Structure formats: structure tokens, C-alpha cells
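Open the model in a viewer and follow the selections below in order. Each stop says what to pick and what is found there.

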Amino acid sequence: MSWLEKLLPPKIQQTDPKDRRAVPEGLWIKCPACESVLYKTDLEQNQNVCPTCSHHHRIGARARLNFFLDNEGRYEIGQEVLPVDALKFKDSRKYPERLKEALENTGETDALVVMGGSVLGIGLVAACFEFEFMGGSMGSVVGERFARGVQAAIDQKVPFVCFTATGGARMQEGLLSLMQMAKTNASLTHLAKKGLPYISVLTDPTMGGVSAGFAFLGDVVMAEPKALIGFAGPRVIESTVRVKLPEGFQRAEFLQTKGAVDLICDRRELRATIANTLAMLTRQSADAVG
């Protein structure tokens with residue numbers, strides 16, 4: 001018997017290392033803002049907003065829509081539209097390989113999910129980007145689903161809401177991707193002519209061709225706190241204009257001071273805020289909002 005075993009009380013027994021249970025990975029998340037260690041389930045129930053410092057973690061498209069839309073009457077739009085490799089594009093990997101990997105990682109067939117439904121009794125169509133699908137990049141499928149969502153809103157005479165979380169155009173589709181800027185903007189012009197509201201909600205990040213296109217065309221442009229919003233990266237801009245840019249110039253708060261963003265809203269309050277805004281824009285009774 002070793003000297004350590006002699007010192008230990010008789011009731012304390014050492015556990016065989018083989019029998020020790022390892023803590024499953026992914027149960028805890030460290031907040032990048034305040035460094036608090038958060039239980040993943042609690043964070044998800046709080047809409048991926050840190051309960052300590054209110055830092056907005058990124059959230060998936062379906063999770064966001066589940067929190068945002070009323071439970072009853074939901075239906076998906078454009079899910080049958082699937083991507084194709086029209087250009088036979090290959091960089092370090094083939095485009096179909098990247099699509100397959102994105103499908104396996106997210107369960108989505110492309111970077112935009114569009115659903116019809118209601119928010120606190122206000123009928124609408126909502127589109128939401130899935131950033132984990134190839135950086136939320138906008139290709140032909142994203143443009144087509146967006147256009148079909150807008151058309152569904154026109155057919156039903158209801159507002160259209162879009163949550164952006166994207167790096168911009170999808171390089172693997174070349175010019176076909178860039179053409180989606182014109183396509184989506186034309187759809188929104190049709191929506192505006194029908195007198196139906198469009199609310200754009202900018203989340204972290206909203207960059208590239210989407211920010212240069214329909215993201216800022218909303219009748220009301222909202223943003224989540226500290227969301228990264230811009231077109232090109234700061235280093236590219238500084239090297240182009242050769243001017244030292246102010247700190248945080250691509251954050252939602254800075255853009256609000258310049259008039260590019262109308263309202264910054266906490267994710268947990270977006271549902272009620274958008275419902276009230278739409279009630280005013282569509283001249284509905286406040287009772288409809290609940």
C-alpha cells in the first residue's frame with residue numbers, strides 16, 4: 001500500500017480512469033463578448049442571445065423562423081427549387097461537392113428559407129438566410145425563392161419580411177449569381193407598386209451583393225445590435241479610398257447614426273416590434289397584434 005492510500009479515508013475509493021464519464025462536447029458555449037460560460041440549451045431557448053451581456057450569437061434560419069412566426073398556418077415556399085452546376089465550376093473543389101457538404105452540415109438545400117404564415121395574427125411571408133450554407137451566399141436558387149416569396153405575398157396581399165445573414169454573391173455561379181440582384185430588386189418593385197410593405201432585418205453579417213441589393217430597400221430597415229453590415233471588408237475599402245476609417249464603421253449602430261438603418265432591435269423583441277410596425281403600415285387594428 002502506498003503512502004497516499006494510507007492517508008486517504010477508507011470510504012474514499014479511487015475511480016478507474018476507464019470508468020470515468022467524459023462530459024459530452026457542445027453542452028457549454030463561451031460567449032465571445034463577455035466570456036460567460038453558457039449552457040447551450042438555455043442559450044437556444046433565449047434565441048441565442050447571451051443572458052449576461054445580450055450579445056447576439058448567430059442563429060440558423062429555421063430556428064429564427066420558429067421563434068418569429070406563429071405556430072399555426074405555416075407553409076414553406078420554393079423548397080422544390082434546387083441548385084444546379086450550370087457552369088461546371090471548380091476551384092479547389094467541385095461546386096456539387098460543396099453543395100453536398102453544405103446540405104450535410106445544415107440539412108438545407110440552399111441558403112434561403114421562405115415561409116408564409118403570421119406574426120401575432122398579422123399575415124405575412126418571411127424569408128431568412130442560412131449563413132452556414134456556403135456563407136449564406138446568394139445564387140440562382142436564393143434569387144428564385146426570394147422572388148417566389150414576394151409573389152406569394154403579392155398574391156395573398158400580405159407584407160414581406162426578410163432576415164439577411166450573408167457574405168454576398170455566390171462565386172461558383174458567376175454572372176448567374178450577380179443577376180439575382182436585378183431579379184430580387186425587380187420583385188420588390190412589383191411589391192411596392194401593389195402598396196405592400198417590405199421590412200428588411202439586417203443580422204450579423206450582411207455583406208456583398210445582398211447589402212448592395214435588396215437589403216437596404218425595405219420600407220423599414222431594422223438591424224440586430226452590433227451586426228456587421230457592409231459591402232467589402234475594411235482593408236479593401238481603406239486600400240481603395242486611402243483614408244483611415246472610424247472604429248466600428250460597419251456596425252449597425254454606426255449605420256443608424258448615418259441614416260442607413262432605421263431601427264436597432266433586440267432579437268427577443270423583433271416579433272412584437274415587427275408585428276406592431278406592420279399593423280401601422282397596413283392600417284390594421286392594434287387588437288390584431290394581441
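## Stop one: a glutamine in a loop

Gln 47 is buried, with a relative accessible area of 16%. The model is a predicted one. Select Gln 47 and show the backbone around it: the residue sits in the loop that runs between helix H2 (40-45) and helix H3 (61-68). Next, add the residues that Gln 47 touches beyond four places away in sequence, which are Ile 59, Phe 67, Arg 267 and Arg 268.

## Stop two: the whole chain

Zoom out and colour by secondary structure. The chain holds 10 helices and 9 strands. Of its 290 residues, 43% count as buried. Among contacts with a separation of 6 or more, 66% join residues 24 or more positions apart. Switch on the surface: the accessible area of the chain is about 15900 Å², and carbon and sulfur atoms account for 54% of it.

## Stop three: the nonpolar cores

In soluble globular proteins, nonpolar side chains tend to be buried together. Select Phe 146, Phe 160, Leu 191 and Phe 214, the residues with the most contacts inside the largest nonpolar core, which has 37 residues. Helix H5 (residues 140-156) contributes the most to this core, with 6 residues. Now centre on Phe 146. Leaving aside neighbours within four places in sequence, Phe 146 is in contact with Leu 112, Phe 160, Cys 162, Thr 184, Leu 188, Tyr 198 and Phe 214. Another core, of 23 residues, lies apart from the largest one; Ala 126, Cys 265, Ile 274 and Ala 279 are among its members.

## Stop four: the cysteines

Show the cysteine side chains. How many disulfides does a search of the whole structure find? The search finds 0. Select Cys 50, which is in no disulfide: the nearest cysteine sulfur belongs to Cys 53 and is 3.7 Å away, whereas a disulfide needs the two sulfur atoms within 2.5 Å. Cys 50 is buried, with a relative accessible area of 0%. Then move to Cys 128. Why is its sulfur not bonded to that of Cys 162? Cys 162 has the closest cysteine sulfur, but this lies 7.6 Å away, so the two are too far apart for a bond. Cys 128 is also buried, at a relative accessible area of 2%.

## Stop five: a patch on the surface

Finish on the outside. Leu 87, Leu 175, Leu 176, Leu 178 and Met 179 make a nonpolar surface patch of about 470 Å². Pick out Leu 178, found in helix H6 (residues 174-193). Leu 178 is partly exposed, with a relative accessible area of 47%.

Methods:
Residues numbered from 1 in each chain as written. Predicted model: local features only at pLDDT ≥ 70, side-chain atom pairs only at ≥ 80, totals over all residues. Heavy atoms only, no water. Buried < 20%, exposed > 50% of the residue type's maximum accessible area, 1.4 Å probe, protein only. Helix = DSSP H or I, 4+ residues; strand = E, 2+ residues; numbered from the N terminus. Contact = heavy atoms within 4.5 Å. Patch = residues over 30% accessible without salt bridge, like charges linked within 9 Å, V, L, I, M, F, W, Y side chains within 5 Å. Areas by Shrake-Rupley, 256 points an atom, 1.4 Å probe, with all protein chains shown as cover. Salt bridge = Lys/Arg side-chain N within 4 Å of Asp/Glu carboxyl O. Core = buried A, V, L, I, M, F, W, Y, C linked by side-chain atoms within 4.5 Å.
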